Amino acid sequence: MSRPIGRIAVTDVGPVVERGERPAKSVTGEEFEITATVFREGHEAVAAAVVLTGPDGHEHRTRMSLVDAGLDAWSASVSADRPGRWSYRVEGWSDPHGTWHRDAVIKVGAGVDVELMLEEGARLLEQAVAEVPRTAEQATVLTTAIAGLRDTAQPPEARLSGGVSAEVRAELADRPLREYVTPSPEFPLLVERERALYGAWYELFPRSEGAHVDALGRWRSGTLATAAGRLDAVAAMGFDVVYLTPIHPIGQVNRKGRNNALRAEPGDPGSPYAIGSLAGGHDAIHPDLGSFDDFDAFVGRARELGLEVALDLALNCAPDHPWIAAHPEWFTTRADGCIAYAENPPKKYQDIYPLNFDNDPEGLYAEIRRIVQVWLDHGISAFRVDNPHTKPLWLWERLIADVATEHPGVIWLAEAFTRPPMMHTLAKVGFQQSYTYYTWRHTKDELEQYCAELAGPAAAYMRPNFWPTTHDILTPFLQRGGPAAWKTRAALAATLAPSYGIYAGYELMERIARPGAEEQIDNEKYEYKDRRWAEQTAGTSLAPYLTALNQIRRAHPALHRLRNLRFHHADDGHVLVFSKARRLHDRDDVIIVVANLEPDHTRDTWIHLRMPELGLGPSDRFVAHDLITGQHWTWAEHNFVRLGPDTEPVHIVHVRLEGVTSPR
């Protein structure tokens, strides 16, 4: 049965996810907009407020503003001050003082029913004093107005002005006289820690950090101890999360060789995604990498440097994983009696057996929950989940909720380059973040359309994490592009989205692809890689540029948010312009980014700023401080820019509001 409409109509409340069956999401301190349509019959005035209810049951009320009178559209910007499960509703009510104010101005001005209107106003204010709790000082504002409305020694216009003064309106806005209060349904809101929205991730293969060729020409694996030696450099570049690809034993059966060869040669380490051998499975560490003591030391060192550690959760099993013999029912057996290996035609993964969740879902779930707990107990605070879209959705909904009961701060990042409905539903069932299509969005139209979608209604439940490359993906744009192209893609990832990620080797612009594939040749998934970090210099590495990006991100709170993304116009179709603005502690932080999307060619163009989005008037001028180069310019609504390899491909501009001037 449908819910009755109520005395005051309160409809179209948003954001609402799955009709309120799943929570909208925010992080602590994140400002977001709640909207509703609120109206009633006739011409009486109405008003509305958002009521946020915290985990402790305490209510926080925010008055809404009428943003479109013709559509009865109301909105308010709200935020929650701590993590937990909140709820919100919109309350609409009849506003008798608002109705009287409108009518009294008309009638008194026309000399119609003057004394009657003034007396009715006085009685309404008396009702407001009697029925709504106020301090003596607050009540004095209204009682003074009441006396003025009844002061027949004054002209009617003066008496009326006291009853509708700014002070009276402000007092009634804070503590209104409300009639026929009608609430919307309660809608759930999940508030999480800020890392769920904002952070810079750095991916590495532990076995490559410290890997080297010995005196006999044989590769020696890096270890967790040698990988810990890389953490200082990762932290120095300003990253927040270090993400480790799987560190478990790797299968021997059907092990892949270099460049995904079907046959491994002696010494080939195999893919770390082919998990499991006689040495153990998902709850074990590859013997070459070290022990749990080494892992704990790695996590401890990361924490000392201010880094969180994320681990790849890849629910793949090599043919010699312990589960194969102990639980054959957890896999799919084909008609010939063999276990089916993973396929994504035309791709084949002969070294991996996918799990079957239909034969023994409870037993398999219990084991997955157990192995996740192993890593939680050793300090993991985030999981990058490999191909979650190939597992049933109920698994993730149950697992993430189960973990959150004891570990509410754990972050789950979905690596799901798949169809939009699946990606969106993974977010709705619990994943805090998601890989996106950013990697393949390069043109101005593509970026504007896609990012507007992510920062729009989808931001109520889905948070993007932008990666220019991954260990699986090297786009043609970067294969062909020079340093300016690599700078551009990193800068856009770091500023368009609050969370972004860099795969180790990006600093070195590793751009050679395996023939016929969009991935690197000599791929680290199948072999060791010694990048000789100590031999890299500032002239050949993008590490200083990544460091600058992360310093800018940390210094500017506007870049910590997603829903504040706004696009502006450039005459050149290959130049992207956008801004982010945020008020924090009574100060405005405003960033403008101007990017050349063909960065190996210099572009000259005019850009046109939507000044109200920057908190400025159309005639204002301001100091534009380029945070990459340190240059300063005086900008206004229309500005000329030059971007390319002979300068910089991207301007990241801080709007110096203290330098704002307006023409006389």
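The following questions and answers concern helix packing and pockets in a predicted model.

Student: How are H2 and H3 oriented with respect to each other?
Tutor: Helix H2, residues 114–131, and H3 have axes that come within 9 Å and cross at roughly 160°. Angles over 145 degrees count as roughly antiparallel. H2 is therefore, relative to H3, roughly antiparallel.

Student: Which residues of H3 make the contact with H2, and what classes of residue does that contact have?
Tutor: On the side of H2, the contact is made by Leu-118, Gly-121, Ala-122, Leu-125, Glu-126, Ala-128 and Val-129. By class, the contact of H2 with H3 has nine nonpolar, two polar and one charged residues. The residues that H3 brings to this contact are Leu-142, Thr-143, Ala-145, Ile-146 and Leu-149.

Student: Why are H3 and H4 described as roughly antiparallel?
Tutor: Helix H3 covers residues 136–149 and helix H4 covers residues 156–163, and their axes lie 8 Å apart. The cut-off for roughly antiparallel is an angle over 145 degrees. H3 and H4 are therefore roughly antiparallel, since they pack at an angle of about 165°.

Student: Which residues of H4 does H3 meet, and what is the handedness of the crossing?
Tutor: From H3, the residues in contact are Ala-145, Gly-148 and Leu-149, and from H4 they are Arg-159, Leu-160, Gly-162 and Gly-163. By class, this contact of H3 with H4 has three nonpolar, three polar and one charged residues. The crossing of H3 and H4 is left-handed.

Student: Which residues are the closest to the centre of the largest pocket?
Tutor: About 1200 Å³ of space lies in the largest pocket. Its lining has 37 residues, which divide by class into 15 nonpolar, nine polar and 13 charged. Strands E17 (342–344) and E18 (347–349) each supply at least two residues of that lining. The closest to the centre are Asn-344, Lys-347, Tyr-349, Asn-387 and Asp-472.

Student: Which strand gives the largest share of the lining of the second largest pocket?
Tutor: The second largest pocket has a volume of about 830 Å³, and among the 36 residues that line it, Glu-31, Glu-33, Arg-563, Asn-564 and Arg-566 are the closest to its centre. Strands E3 (32–39), E7 (73–78), E26 (575–584) and E27 (587–596) each supply at least two residues of the lining. The largest share, five residues, comes from E26.

Conventions
Residues are numbered from 1 along each chain as its sequence is written. This is a predicted model: local features need pLDDT of at least 70, side-chain atom pairs count only at pLDDT 80 or more; totals for chains, interfaces and linings use all residues. Side-chain values use heavy atoms; hydrogens and water are left out. Axes are lines fitted to C-alpha atoms, for helices over the stretch in contact, and angles run from 0 to 180 degrees between N-to-C directions. Helices (H or I, at least four residues) and strands (E, at least two) are DSSP runs, numbered from the N terminus. Angles under 35 degrees count as roughly parallel, over 145 as roughly antiparallel, 65 to 115 as roughly perpendicular and the rest as oblique. A crossing is left-handed if the near helix is turned anticlockwise from the far one by less than a right angle, and right-handed if clockwise. Contact means heavy atoms within 4.5 Å. Ala, Val, Leu, Ile, Met, Phe, Trp, Tyr, Cys and Pro count as nonpolar, Asp, Glu, Lys and Arg as charged, and the others, Gly among them, as polar. On a 1 Å grid over the protein atoms alone, a cavity is a set of points where a 1.4 Å probe fits but cannot get out, and a pocket is an open set with protein on both sides within 12 Å along at least five of seven lines; lining residues have an atom within 4 Å of a point. Grid points are joined across faces, edges and corners, and a volume is the space filled by probe spheres set on the points.
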